[in-house]
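User: Could you take a close look at one helix for me and tell me what packs around it? A word on how far to trust the model would help too.

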Amino acid sequence: MSGWLGAGSIAGMAGAQVLQSQVTLSQARDWLADGAGSDAALRQLLHGLPGVDQVGAQARVAALATRSIKKDAKMAALELAITMVDLTTLEGADTPGKVSGLCAKAVRPDPADPAVPPVAAVCVYPDLVAGAKAKLAGSSVVVASVATAFPSGRASLAVKLADVADAVNAGADEIDMVIDRGAFLAGRYGQVYEEVRAVKEACGPAHLKVILETGELATLDNVSRASWLSMLAGADFIKTSTGKVSPASTPPVALVMLAAVRDFEQASGQRVGVKVAGGIRTAKDAIRYLVLVNETAGRAWLSPRLFRIGASSLLNDLLMQRRKQLTGLYAGPDYFTVD
Amino acid sequence: MTDKAARAEGAAAAGQGAGAGAPARVATLTSGLDWQYAPAPQARDIVPIAAEYGLFVAGEFTPATGGRTFATINPATEEPIAQVAQAGAADVDRAVAAARDAYEHVWGPMPGAERAKYLYRIARILQERSREFAVLESIDNGKPIRETRDVDVPLAAAHFFYYAGWADKLDYAGFGPAPRALGVAGQVIPWNFPLLMAAWKLAPALAAGNTCVLKPAETTPLTALLLAQVCQQAGLPPGVVNILTGAGETGAAVVAHPGVNKVAFTGSTEVGIAINRAIAGTGKKLTLELGGKAANVVFDDAPIDQAVEGIVNGIFFNQGHVCCAGSRLLVQESVADHVVDRLRRRLQTLRLGDPLDKNTDIGAINSRPQLEKITRLAAAGEAEGAHRWSPPCELPKRGFWFAPTVFTGVSQSHRIAQEEIFGPVLSVLTFRTPQEAVTKANNTPYGLSAGIWTEKGSRILWMAQRMRAGVVWANTYNLFDPASPFGGYRESGFGREGGRHGLAAYLDV
Amino acid sequence: MGSPRTSMSDQKAGPEPGTARIGVRKTYKLYVGGAFPRSESGRSYPVKAARSGDLLAFAAQASVKDARDAVVAARAAAGKWAGATAYNRGQVLYRVAEMIDGRAGQFADEVIAAEGLSSAVARRTVAAAVDRWVWYAGWPDKVAQVAGGANQVAGPYFNFSVPEPTGVVAVLAPAESSLLGLVSVIAPVIATGNTAVVVASEDRPLPAITLSEVLATSDVPGGVVNVLTGRTAELAPVLAGHFDVNAIDLTGAPADTRTELERLAAGSVKRVFCAQDDWAAAPAPRRMLAFLETKTVWHPVGI
């Protein structure tokens, strides 16, 4: 009974229904492409989404947090989580040396155990992309770069696009952009939409993650709306946070975003990924998120193609828990490398 | 993922490895991990289970007069757990006499502040022994350990805490100064929340100054007997609480006994009516908490994902063995297909199986007769033309199991829309307007509970005002709190349990 | 010199029979924000035993700045304490009672020294203090049922009133009843979600600090109760005139100071309460109700 239906029968069961207002995805995109009054059009669309009851969402998250993940299931989750990590350094004090150390760790997280898989990506500022690319050549680890006046997003579109261009030209495989939260909260949905669309275009072959900065959006309704807005505009991934603002990622926020990508797939056939970032420090947290993924969006998202965890200290906790699963003994932090 | 990563994955799949020894495992992740939760069994040896239990009368465990016993079994495996004493008429006499004695000489004269401290002790010990109670309840009842651990036991302890606090404040309960207790309370409880129902009955009765003779359900006696042990550990004076295990006849003898001043019953409407008849003219005070056929009303502007959770919780929590279960989904016709589709998808992730597995969502049906009843009514639903659906579900070979079931295309006149099934079976009906929702929701002799799902506050209040139900949940379901009065209209019974109102049943007011 | 009694090794081994053991005396400090700081003024004052007049200990002599800091701590804790569930506050208060009962002997000794009570009376007093605390522990999840409710207005509106804690309450603890009276003025304030800045009895402050030790180890969040020892005449006016204190209980203020304190309190429209209760008698809800606001909400009823 704990299996999943295949994607085909899910799509077959419901038909292409998107949003309560019964507007289909292609109609929505046409409408938006026409541009006229797009704030108003988007408001109708986004405010027509079903509301999110905050207490109910928290209750669902709390219930899923009681899942007991042990033994094989825990080991599989730990290793999966490792492959989903975007190992991140986004500090003013970052140097090529710092990034170099991070890249080495990304490729071989546990020097004592070559069986540990590499992480998904390294995430840095645009001016450090080239160095990271060089260090990661020949590995499966990709380079993600923040851009668009990260983390605040307070700059002109021209500056933001130039920021993206720098990163893409330096070889970034993925771009993590920030939406303009000021515009969003002021109701200028058209501007947010247009910026995402323009950045997606500037990405070229690079994949686009759109950071919603959910801590600043404050309500789960806003998270739901910002998720749909970003997906309609072409996001490959929606991401919770920059990690520079508290609260960063929280399970209820992730729940809402996972539901949004699930519903978006049902409506459009496209799968958008989810990245949670900021404040995820322990393996226990990470496994809780994987349970949310498993029981909300579904098995397809249990892959680094569609789910990532932006973190720095989490990786060592994953390695420590993995070591404990293998040996039965609790590990200590000195047995794992700091980068 | 970029081409580079995909190539690396492909290479790994081909066994060549990419980068620093990437394992072949990585390659399977293209399609998403087939992640199965490993069994996570709760150890059962934490709670010592005796081979045989006596009755708890006057502070001691004693065999029934005549030594009759019966077995209680584990409904998930059909294995016997223990032998339990069968109380006869003589035992009922003994117990009532002990309760009367304790009431006249010990508990009745005792100041409320002292009674309070006994109840606080019981609450504390329940908290301390909570894991034992959770495991024992799961084994005896069949419900998942996650529910006993997270709902049944904490609520039971909270109930004792809450009413402990009233024992020395009865002057302020709104019944006038110094309200008096009634005397000896005879209390009969059902099998669906054995420990919780014992707490709901004992805590207010004792707080108000009464003494009790409690008869747990035939199929679920064990946590009440463990609670008796807790009463001993709390130093509760003998005779204040007496527990008589047995079947229907024992319960009938308790409620009919002339030495009982107050009767409280939770169970089926049928038996409640019989009790009501039996005590007519005796002057005994009575409260009844009976069956229900609650409507869970979902409007087109409901917070949809949370509403689906509320529907699932409403009917599948506790395997649907809940008097206030949301057994009728009344969904606004304009969004009915959408909601039912999401509901069906959500049901895919329900986990049915070993109640002691911490990941189990749906446990066993409590008994064979109950399973037969559910099966019969579900068959009637099909026969009457409703469309039956269950998620794919493997039922264990031994034990009493029923897959979560959803009937769509149900009409008001179908049996499955009228009769209480008391199992994991949901009947889905539609409505067009708020008034129609109210009419359909109220179109039942029952009136225990109802649910309303909408983002519009005024509509919540408008509906709540018109629903003839004692408990209305808005944008939530199946929430209980010792401070919140619970009880029904009409054939769902009368009287309220919980809150300040819950004291009224046990005071001479 | 050279006597075995005074050599280091003998002293380590313990006193010989007939010699009194030297005790390790407790230092009594303030209790603010969950910690035990000394007064920022560096002052202390001697506390004397009631009967013998012997020196019991030095208590910190809180200053105006300490009072200010205590108000800051109380305010910082107010949101979270008011936001805790009533059930949680009840559990925390009950635990305090458990802790006091566990230390009954210690409290009896303190009360004997502070008030000159006989041993039997002291034990009864401590027992009464525990029971008083238990009484209040049972109130948080019931106050709304007694002091609130739905109001039936003449229109299609759902109207309900809920009691809410007023915020930071300054409490002048009774001068003489150093434990039972103290408990009787603190518990009702915090049961409903207020936080307190307590000025202990000037002459009998020690039980208040021992109570603070209990509070610090009973899951009571730091800042919910803050206890200042010192000169009432110095501290009371600061609190009465403080614009970030919502209410004040003048019970422990000397009678001839009350008028001036009420005038000061009026300047910020504080809620003022003052009553000389018989601490041994059964309490009533009024000490809780005095520090509750009532919020009434209207909502239309319609489809």
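Analyst: Helices here are DSSP runs of H or I with at least four residues, strands are E runs of at least two, and both are numbered from the N terminus. A helix's expected span is 1.5 Å times one less than its number of residues. This is a predicted model, where local features need pLDDT of at least 70, side-chain atom pairs count only at pLDDT 80 or more, and totals for chains, interfaces and linings use all residues. Residues are numbered from 1 along each chain as its sequence is written, with chains lettered from A and ligands numbered from 1 in the order written.

So, helix H5 of chain C: residues 119-137, 19 in number, reach 27 Å from first C-alpha to last, close to the 27 Å expected.

Next, burial: a residue is buried with 20 or more other C-beta atoms within 10 Å of its own, exposed with 12 or fewer, and partly exposed in between, C-beta atoms being placed from the backbone. In H5(C), the buried residues include Ala122(C), Thr125(C), Val126(C) and Ala129(C), as well as the run from Val130(C) to Ala137(C). Their cover includes H3 (112-128) of chain B, plus H3 (86-102), H4 (104-115) and H7 (180-191) of chain C.

As for trust, pLDDT is the predictor's confidence in each residue, from 0 to 100. Chain C averages 94, and 94% of its residues reach 70 or more. Residues 1-12 of chain C stay under 50. Where pLDDT is low, the predicted coordinates shouldn't be read in detail. The model scores ipTM 0.91 and pTM 0.92.

Chain B, which supplies one of those covering helices, has 15 helices and 18 strands, and buried residues make up 60% of its 509 residues.

Key. Two residues are in contact if their C-beta atoms, placed from the backbone, lie within 7 Å.
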